[in-house]
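Hi everyone, thanks for making time today. I'd like to walk you through one structure that will be new to most of you, so let's bring it up on the screen.

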Amino acid sequence: MKFLDQAKVYLKSGDGGPGAIAFRREKFIEYGGPDGGNGGRGGDVVIEVVNGLNTLIDYRYKQHFKAQRGNHGMGANRNGARGEDVVLRVPVGTQILDEDQETVLLDLTEPGQRVVFLKGGDGGFGNAHYKTPTNRAPRKSHPGWPGEERWVWLRLKLIADTGLLGLPNAGKSTFLAATTAARPKIADYPFTTLAPNLGVVRAGDEEFVIADIPGLIEGAHEGHGLGDRFLGHVERTRVLLHLIDGTAEDVVQSYTTIRNELVAYGGNLADKLEIVGLNKADALLDEEIAEKKAALEAASGAEVMVLSGATGQGVQAVLYRLLTLIKQSKEEEPDVIQAPVTRSIPRPPVGQKMDDEYAGWNEETGEYDDLPEEADSDSDSDGDDWDDEGDDDGDDTEHSGNGDDNAKG
């Protein structure tokens, strides 16, 4: 399954159905009077959090979601049926952002959450509603109130306890594969990891979740490499494990490069608890390990742990240290960490061209210069082809609401 962590969709709740204009006309009934029913309420747009999903790929090929409009009222005081809701199922950790990508409308962090995002319009009144002692035969009805509509961004920020950071080929995927049942792609070239990976780590009798994201390079916040958009998946983590390639000539430069990208990205990432790991110790001499460890401690001001994901050296010590910090963080902040808003640019997978969907994207303003028209015949037709004409039952005479508009209530 392909990984997609953000998508732009159009949502519209159903319009209310029109009220009916009808009169009761039956033999031997001297005083029939108006009996036009009210229109039905439009369907809602509901967002449901489903456990087991970890991608927004379902919203890559369908961007328009419209709830059903309410059915029209009918004679004999029959009200119209309510429109069906449209339900968007999203993974845990999904944020709903306004079109400007800066305003968080919803932050969904618990499995099973079900939120009515856009309410359907109320149905219009039939002419029976307007009957008064002085107006005993009203010939007006209300067409119903419109539903809500808006464009929104769906942004997935995975929920994990620990996030893996580092330059490409720092050994992050090897560490994930050595400590969890996850099987990420591992190779001896940069940017092997193109999408985030999650794994469950077992340390003693306890478990925690670790997230591995693609490597960062200098200038990632400016779009270099794969950019910094995947940093959003470690915004909810409690601890960062910063892996440094011990075979690099300048380990301090490797450390400061990632730290500078965290500061440039924002989102409070630079302020999170951090463990620095000097990786690939199996390829270093004891003198080199001591020298590079001392240099990293001086540059970071934090404890530096020596490990090797390939051989398992020092891995258990790192896991127990992570578990200790996670427990401390949960005592201070037991709830799920709320991720701040961070704007990112939609980018295609490596080696693929930008799709027509993102044509006209301005990377400086973070907006579309000329949003292309998207035609979705299936979704556009949902709920729009409902018959608004009344049904003739017996001797009833009725017409769907074509009367004057009246204020609600």
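Before we start on helices, one definition: the expected span of a helix is 1.5 Å times one less than its number of residues. Please also keep in mind that what you see is a predicted model.

Now let's use that rule on helix H3, which runs over residues 286–300. With 15 residues at 1.5 Å a residue, H3 should span 21 Å, and its end C-alpha atoms are indeed 21 Å apart, so the two values agree.

Which residues of H3 are buried? They are Ile-289, Lys-292, Leu-296 and Ser-300. Those four cover an arc of only 80 degrees around the axis, and therefore they sit on the same side of H3. Turn to the other side of H3 and you'll find Glu-287, Glu-291 and Ala-298 exposed.

And what do the buried residues of H3 pack against? Their partners are strand S13 (239–245), helix H2 (251–265), strand S14 (273–279) and strand S15 (304–306). Just after H3 comes Gly-301, with a positive phi of about 70 degrees.

Let's move on to a pocket. The second largest one has a volume of about 450 Å³. It is lined by 23 residues, and those closest to its centre are Val-92, Leu-158, Ile-159, Ala-160 and Val-209. Strand S11, residues 197–203, gives the most to this lining, with three residues. Sorted by class, the lining of the second largest pocket holds 14 nonpolar, four polar and five charged residues.

Thanks for listening, and I'm happy to rotate the view for anyone.

Definitions and conventions. Residues numbered from 1 in each chain as written. Predicted model: local features only at pLDDT ≥ 70, side-chain atom pairs only at ≥ 80, totals over all residues. Heavy atoms only, no water. 1 Å grid on protein atoms, 1.4 Å probe; cavity = no way out; pocket = protein on both sides within 12 Å on 5 of 7 lines; lining within 4 Å. Points joined across faces, edges and corners; volume = space filled by probe spheres on them. Helix = DSSP H or I, 4+ residues; strand = E, 2+ residues; numbered from the N terminus. Nonpolar A, V, L, I, M, F, W, Y, C, P; charged D, E, K, R; others polar. Buried < 20%, exposed > 50% of the residue type's maximum accessible area, 1.4 Å probe, protein only. Arc of directions from axis to C-beta. Contact = heavy atoms within 4.5 Å.
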